[in-house]
Amino acid sequence: MIPGARVVLLGRQGSGKGTQCTRLSRHFVVPHISTGDILRAAVREGTELGRIAKEIIDAGRLVSDEIMVAIIAERLERDD
């Protein structure tokens, strides 16, 4: 693995992305960042963006790209 490299896995539900990401994360000792996990954590923790996302989800709508990008940006600010 190249230092500082980032890997993005894309695929349909059930295709094994999470399984492979967990394995790669453990092998290379890097964080596994999943947008679904980040969204659920923001809602669970009650962050400002999490509360906005929860309202949208509870209304049966999809969270906008703008909100997801902001939630992801918050996660990427963590030093791990």
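**Exercise 1. Work out how the axes of α2 and helix α3 are arranged in this predicted model.**

Solution.
Step 1. Find the second helix: α3 covers residues 48-58.
Step 2. Take the distance. The axes of α2 and α3 come within 7 Å.
Step 3. Take the angle. The two axes cross at roughly 105 degrees.
Step 4. Apply the cut-off: angles of 65 to 115 degrees count as roughly perpendicular. Therefore α2 and α3 are roughly perpendicular to each other.
Step 5. Name the residues in contact. From α2 come Leu39, Ala42 and Val43. From α3 come Gly50, Ala53, Lys54 and Ile57.
Step 6. Sort them by class. The contact of α2 with α3 has five nonpolar residues, one polar and one charged.

**Exercise 2. Do the same for helix α2 and helix α4.**

Solution.
Step 1. Locate both helices. Helix α2 spans residues 35-45, and helix α4 spans residues 65-76.
Step 2. Read distance and angle. Their axes come within 10 Å and cross at roughly 90 degrees.
Step 3. Classify the angle. α2 and α4 are therefore roughly perpendicular to each other.
Step 4. List the contact. On the α2 side stand Thr35, Ile38, Leu39 and Ala42. They meet Met68, Ile71, Ile72 and Arg75 of α4.
Step 5. Sort by class. The contact of α2 with α4 holds six nonpolar residues, one polar and one charged.

**Exercise 3. Describe the second largest pocket and its lining.**

Solution.
Step 1. Start with the volume. The second largest pocket holds about 200 Å³ of space.
Step 2. Look at the lining. It has 14 residues, and the closest to the pocket centre are Ile38, Ala41, Ala42, Arg75 and Arg78.
Step 3. Assign elements. α2 and α4 are the elements that give two or more residues to this lining. α2 gives the most, with six residues.
Step 4. Sort by class. The lining of this pocket has five nonpolar, three polar and six charged residues.

**Exercise 4. Which residue forms a salt bridge with Asp37, and where do the two partners lie?**

Solution.
Step 1. Find the partner. Asp37 forms a salt bridge with Arg40.
Step 2. Check the distance. The closest N and O atoms of Asp37 and Arg40 are 2.7 Å apart. The cut-off for a salt bridge is 4 Å.
Step 3. Place the pair. Asp37 and Arg40 both lie in helix α2. They are three residues apart, about one turn of the helix.
Step 4. Give the total. The count comes to two salt bridges.

**Exercise 5. Summarise the whole chain.**

Solution.
Step 1. Count the elements. The chain has four helices and zero strands.
Step 2. Give their order. From the N terminus on, they run α-α-α-α.
Step 3. Give the dimensions. The C-alpha trace spans about 40 × 30 × 20 Å along its principal axes.

Terms used
Residues are numbered from 1 along each chain as its sequence is written. This is a predicted model: local features need pLDDT of at least 70, side-chain atom pairs count only at pLDDT 80 or more; totals for chains, interfaces and linings use all residues. Side-chain values use heavy atoms; hydrogens and water are left out. Axes are lines fitted to C-alpha atoms, for helices over the stretch in contact, and angles run from 0 to 180 degrees between N-to-C directions. Angles under 35 degrees count as roughly parallel, over 145 as roughly antiparallel, 65 to 115 as roughly perpendicular and the rest as oblique. Contact means heavy atoms within 4.5 Å. Ala, Val, Leu, Ile, Met, Phe, Trp, Tyr, Cys and Pro count as nonpolar, Asp, Glu, Lys and Arg as charged, and the others, Gly among them, as polar. On a 1 Å grid over the protein atoms alone, a cavity is a set of points where a 1.4 Å probe fits but cannot get out, and a pocket is an open set with protein on both sides within 12 Å along at least five of seven lines; lining residues have an atom within 4 Å of a point. Grid points are joined across faces, edges and corners, and a volume is the space filled by probe spheres set on the points. A salt bridge is a side-chain nitrogen of Lys or Arg within 4 Å of a carboxyl oxygen of Asp or Glu.
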